[in-house]
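This report is written for a reader who wishes to follow the packing, the charged pairs, the strand pairing and the pocket of one model. Please keep the sequence and the coordinates at hand while reading.

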Amino acid sequence: DLMPGILDMTQGVLDPTATYAVREWIWIPANPGAHPDDRIGSLTILLQKGQNRNCKPEVDTYGVEEEFDTGLPSGVRSFLLANDTDPDARVYRCVVGADDRGLVHDRCTCRAGEVGKDCKHAHCLWALVTEGVFDG
């Protein structure tokens, strides 16, 4: 039954980057036992290079699991993202949050994250964490 998850859906918009004019996300929490993995929900990310209707959007959906006991500082969280759109893609690990000293952590093992560019995964998870979506 997907209805309870849909009713708790959250969505947001990220700031544009040099590459993407539109960056939006949708979070749908998982219903217990609805998936064979330990996902806490599904994150759909929509990116579009231009604002006109002729620009084809890029849409990816990820199953999200939270990692615990990772030795990270208090206030910093680790997530695993499995691409539901492309099951052959590797699983990304995203670390986001702010530690006790106020240092912000936003790392991801995706290609953009590994070279220090804007990472859509980390930015979306950071928005979800700061909005308290995972704490409610």
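The paragraphs below take up conventions, core, salt bridges, strands and pocket in turn.

The model is predicted, and for that reason local features need pLDDT of at least 70 and side-chain atom pairs count only at pLDDT 80 or more, whereas totals for chains, interfaces and linings use all residues. Residues are numbered from 1 along each chain as its sequence is written, and side-chain values use heavy atoms, with hydrogens and water left out.

**Core**

A nonpolar core is here a set of buried Ala, Val, Leu, Ile, Met, Phe, Trp, Tyr and Cys residues joined through side-chain atoms within 4.5 Å; buried stands for under 20% relative accessible area, exposed for over 50%, and partly exposed for values in between, with a 1.4 Å probe and protein chains only. The largest such core holds 24 residues, of which W25, L43, F79, L81 and L125 touch the most other members. At least two core residues come from each of β2 (22–29), β3 (41–48), β4 (58–67), β5 (76–83), β6 (92–98) and α3 (120–130), and α3 gives the most, with six residues. These elements are DSSP runs numbered from the N terminus, with helices (H or I) of at least four residues and strands (E) of at least two. If neighbours within four places in sequence are set aside, L125 is in contact (heavy atoms within 4.5 Å) with V64, F79, L81, C94, V96 and F134.

**Salt bridges**

Side chains of opposite charge can pair when their charged atoms come close. With a salt bridge defined as a side-chain nitrogen of Lys or Arg within 4 Å of a carboxyl oxygen of Asp or Glu, a search of the whole structure finds seven. Among them are the three pairs tabulated here.

| Salt bridge | Closest N to O |
|---|---|
| D84 and R39 | 2.8 Å |
| K120 and D60 | 3.2 Å |
| R90 and E114 | 3.4 Å |

In the pair of D84 and R39, D84 lies in the loop between β5 and β6 and R39 in the loop between β2 and β3, 45 residues apart. D84 is partly exposed at 33% relative accessibility, while R39 is buried, with a relative accessible area of 13%. In the pair of K120 and D60, K120 and D60 are both buried. K120 belongs to helix α3 and D60 to strand β4, so this salt bridge ties together parts that are 60 residues apart in sequence. In the pair of R90 and E114, R90 sits in the loop between β5 and β6 and E114 in helix α2 (residues 111–114), 24 residues apart; R90 is partly exposed at 42%, and E114 is exposed at 53%. Salt bridges that share partners also join D37, R39 and D84 into one network.

**Strand pairing**

Two strands are taken to pair if DSSP finds at least two bridges between them. Strand β1 (residues 10–13) runs antiparallel to β2 and is joined to β2 by four bridges, with T10 having W27 in β2 as its bridge partner. β2 and β3 are likewise antiparallel, over eight bridges, and R23 has L47 in β3 as its bridge partner.

**Pocket**

On a 1 Å grid over the protein atoms alone, a pocket is an open set of points where a 1.4 Å probe fits, with protein on both sides within 12 Å along at least five of seven lines, and lining residues have an atom within 4 Å of a point. The volume, which is the space filled by probe spheres set on the points, is about 560 Å³ for the largest pocket. Of its 23 lining residues, Y20, C110, A112, D118 and K120 are the closest to the centre. β4, α2 and α3 each supply at least two residues of this lining, and β4 gives the most, with three residues.
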